[in-house]
Structures are given as C-alpha cells and as structure tokens.
Amino acid sequence: MRQKLMVANWKMHGNLATNKQLLEAYIEKLSPLNYLQVVVCVPYPYLAQAQSMLQNTNIAWGAQNISKDAVGAFTGEVSAAMLKDFGASYVVIGHSERATAYCESDENIATKFMQAQTHGLIPILCVGETLIEREAGVMQMVVAKQLDTIINLYGAAVFANAVISYEPIWAIGTGLAASAEQAQSMHEFIRGRIAKLDQAAAASLKILYGGSVNPQNAVQLLVMQDIDGGLIGKCSLNAQEFEGICRAAA
Ligand code: PEP
C-alpha cells in the first residue's frame with residue numbers, strides 16, 4: 001500500500017513573517033498525522049526558513065523548479081545541488097504555470113527531472129491537458145507524450161523513485177476540480193502506461209492529483225485507487241484548509 005503524499009505548493013506567496021505563522025500552524029496541525037507524508041514547496045528565498053523550522057519534524061520541504069544544468073554561467077538559475085544544501089528533498093518539475101509562461105519544452109522538463117534524481121531530490125513531475133485538449137478527447141495522448149519524453153530518454157525505471165502529479169490545466173486555480181472519475185481514469189492510464197514497461201516502478205510510483213482540491217472534494221478524490229495524494233496550491237496557504245485536505249487522506 002502506497003503511503004499518501006500531500007504537497008503544498010505555495011507558488012509566489014508569503015514573506016518571512018507570514019511563512020513563520022503558516023509553518024508553525026503546519027507543525028501544530030500536521031505533525032500528528034503520521035499516516036501521510038507532507039511536503040511544502042516554498043519560493044527559493046525561504047528554503048533556509050523552511051529548513052530551520054521543519055528540521056526534526058515529519059514535514060519535508062522542497063522547491064518549485066530547478067535548473068536543467070548542474071552548474072555554470074546561468075544567471076538567475078538555481079541548481080539541484082543548491083536545493084540539497086538547504087535540506088530539500090522534493091522539487092516540482094514542469095508545473096504548467098511555468099511551462100506556459102516560460103515556454104518549457106517536454107525535453108527541458110525531462111532534463112530537469114534527471115537533474116533532480118541525479119542529485120538525490122525526488123522530482124514531482126506535473127502532467128496534464130488544457131481544456132481544449134480535454135474537449136477534443138485527446139487528453140490521454142497529451143499526457144502520454146509528456147511521459148514518453150522521459151521514458152524515451154531515461155527509461156521507465158526512473159519513475160520508481162518519483163512522483164507524478166496529474167494536473168489538468170483547466171482545474172488549476174479555477175475552483176473547478178476534475179471529478180474523482182476523471183482523475184482516477186487518467187491516473188490509471190498513467191500507471192498502466194508505465195506498468196507496460198516496468199511493473200515494479202508503476203506499483204511504487206506515487207501519482208498525485210492537483211487542481212482546485214479543497215477540504216470538501218478531497219475525500220472523493222483521495223479514496224480512488226490510483227490517487228496517492230495531492231498537489232495543493234491555494235488551499236495550502238491556509239493551514240486549516242490544508243489540514244482538512246490532509247485529514248481526508250486518512
Ligand atoms: C497547483 O499549484 O498545482 C494547484 C493545483 O493549485 P490549486 O490547488 O490552487 O488549483
């Protein structure tokens with residue numbers, strides 16, 4: 001049985017003072033929930049704060065992006081090794097907000113995925129389709145292409161120690177979550193595609209759902225067989241709402 005994983009994606013929110021309050025509330029409310037793993041992905045400048053407040057708790061921390069390169073003259077970039085310096089254990093890769101705004105290709109995302117793994121970080125790979133693609137019925141094709149870029153470059157075994165987050169773009173930040181059936185169907189498809197190549201990797205792979213998860217819809221989603229947790233944006237900025245979602249994982 002895969003332990004549920006709940007990832008808070010703070011995006012570009014917070015400051016030292018509000019983060020302190022939020023992390024204190026996370027520690028108080030989420031530490032007792034020992035049936036799941038909680039991770040908070042903070043903006044880069046707050047990694048040191050996350051490290052100092054979360055070390056010796058059962059809440060892990062990470063970042064929302066990394067460079068595709070290991071080191072060098074890449075102004076403004078942050079490497080996987082730098083995240084490790086701050087005790088990070090996870091990193092979000094290929095979030096659609098970045099992929100759209102900064103034109104990240106599937107190949108770029110695949111390289112970042114491997115950078116993360118090479119440096120001992122667990123990549124949380126975001127995949128998902130636009131509304132137009134869903135309405136055209138090609139959502140599985142779109143997600144398959146995103147997965148296949150990594151599989152063709154590195155093989156399916158790399159998913160054994162990874163996390164995939166299915167994030168339909170039309171559901172992110174819109175208040176319109178996928179139904180449990182829509183999400184389960186895509187999660188089953190993702191696991192099945194990897195299982196055809198590597199059964200063990202597929203069985204251990206955690207597949208999260210992300211997109212307007214809230215305390216009200218969390219139970220319906222998390223009860224589904226192939227939904228192993230969530231990537232939570234807006235509701236993770238409110239400790240009480242995030243706690244409600246995490247408790248739904250029980
Ligand atoms: C996200 O940040 O990936 C996300 C799913 O955001 P929200 O929960 O706000 O839809």
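In this talk, contact means heavy atoms within 4.5 Å. With that in hand, let me introduce the structure. It is a predicted model, in which local features need pLDDT of at least 70 and side-chain atom pairs count only at pLDDT 80 or more, while totals for chains, interfaces and linings use all residues. Residues are numbered from 1 along each chain as its sequence is written, and side-chain values use heavy atoms, with hydrogens and water left out.

I begin with helix 2, residues 47-54. Helices here are DSSP runs of H or I with at least four residues, strands are runs of E with at least two, and both are numbered from the N terminus. One residue of helix 2 is Gln49. Is Gln49 buried or exposed? Gln49 counts as buried because its relative accessibility is 13%; the term buried means under 20% relative accessible area, exposed means over 50%, and partly exposed lies in between, with a 1.4 Å probe and protein chains only. Not counting residues up to four places away in sequence, Gln49 touches Leu16, Asn19, Lys20 and Leu23.

Gln49 is joined by Leu47, Ala50, Met53 and Leu54 as buried residues of helix 2. These residues lie on the same side of helix 2, because they cover an arc of only 160° around the axis; the arc is that of the directions from the helix axis to the C-beta atoms. Against what do the buried residues of helix 2 pack? They pack against helix 1, strand 2, strand 3 (59-63) and helix 3 (80-85).

After helix 2 comes Asn56, in the loop between helix 2 and strand 3. Asn56 is not a glycine, yet its phi is positive, at about 70°. Asn56 counts as exposed because its relative accessibility is 81%. A second residue of this kind is Cys103, which has a positive phi of about 50° although it is not a glycine. Cys103 sits in the loop between helix 4 (96-101) and helix 5 (106-118), and with a relative accessible area of 65% it is exposed.

I turn now to the ligand. How many residues surround the ligand? There are 14, and the closest are Lys11, His95, Gly173, Ser212 and Gly233; a residue is near a molecule if one of its heavy atoms lies within 4 Å of it. The shell divides into four nonpolar, seven polar and three charged residues. In this scheme Ala, Val, Leu, Ile, Met, Phe, Trp, Tyr, Cys and Pro count as nonpolar, Asp, Glu, Lys and Arg as charged, and the others, Gly among them, as polar.

Three residues can be named for their polar contacts, meaning pairs of N or O atoms within 3.5 Å; within protein, one atom must be able to donate a hydrogen and the other to accept it, and residues adjacent in sequence count only if both atoms are side-chain atoms. A side-chain N or O atom of Asn9 is 3.0 Å from an oxygen atom of the ligand. For Lys11, a polar side-chain atom lies 3.0 Å from a ligand oxygen. In Gly173 a backbone N or O atom is involved, 2.7 Å from an oxygen atom of the ligand. On its own the ligand has 290 Å² of accessible area, and the protein covers 97% of that. Accessible areas come from the Shrake-Rupley method with a 1.4 Å probe, and for residues only the protein chains shown count as cover.

Next, some buried positions elsewhere. Leu5, in strand 1, counts as buried because its relative accessibility is 0%. The C-alpha atoms of Leu5 and Val39 are 34 residues apart along the chain and separated by 7.7 Å. Leaving aside neighbours within four places in sequence, the contacts of Leu5 include Val39, Tyr90, Val163 and Leu208.

Leu208 also appears beside His187: its backbone oxygen lies 3.4 Å from a polar side-chain atom of His187. His187 belongs to helix 8, residues 180-195, and is buried at a relative accessible area of 0%.

Finally, consider helix 11, residues 239-248, whose buried residues are Ala239, Phe242, Glu243, Ile245, Cys246 and Ala248. Which elements cover them? The cover includes strand 1 (4-9), helix 1 (16-30), strand 2 (36-41), helix 10 (218-222) and strand 8 (229-232). At the start of helix 11, a side-chain oxygen of Asn238 reaches to within 2.9 Å of the backbone nitrogen of Gln240.
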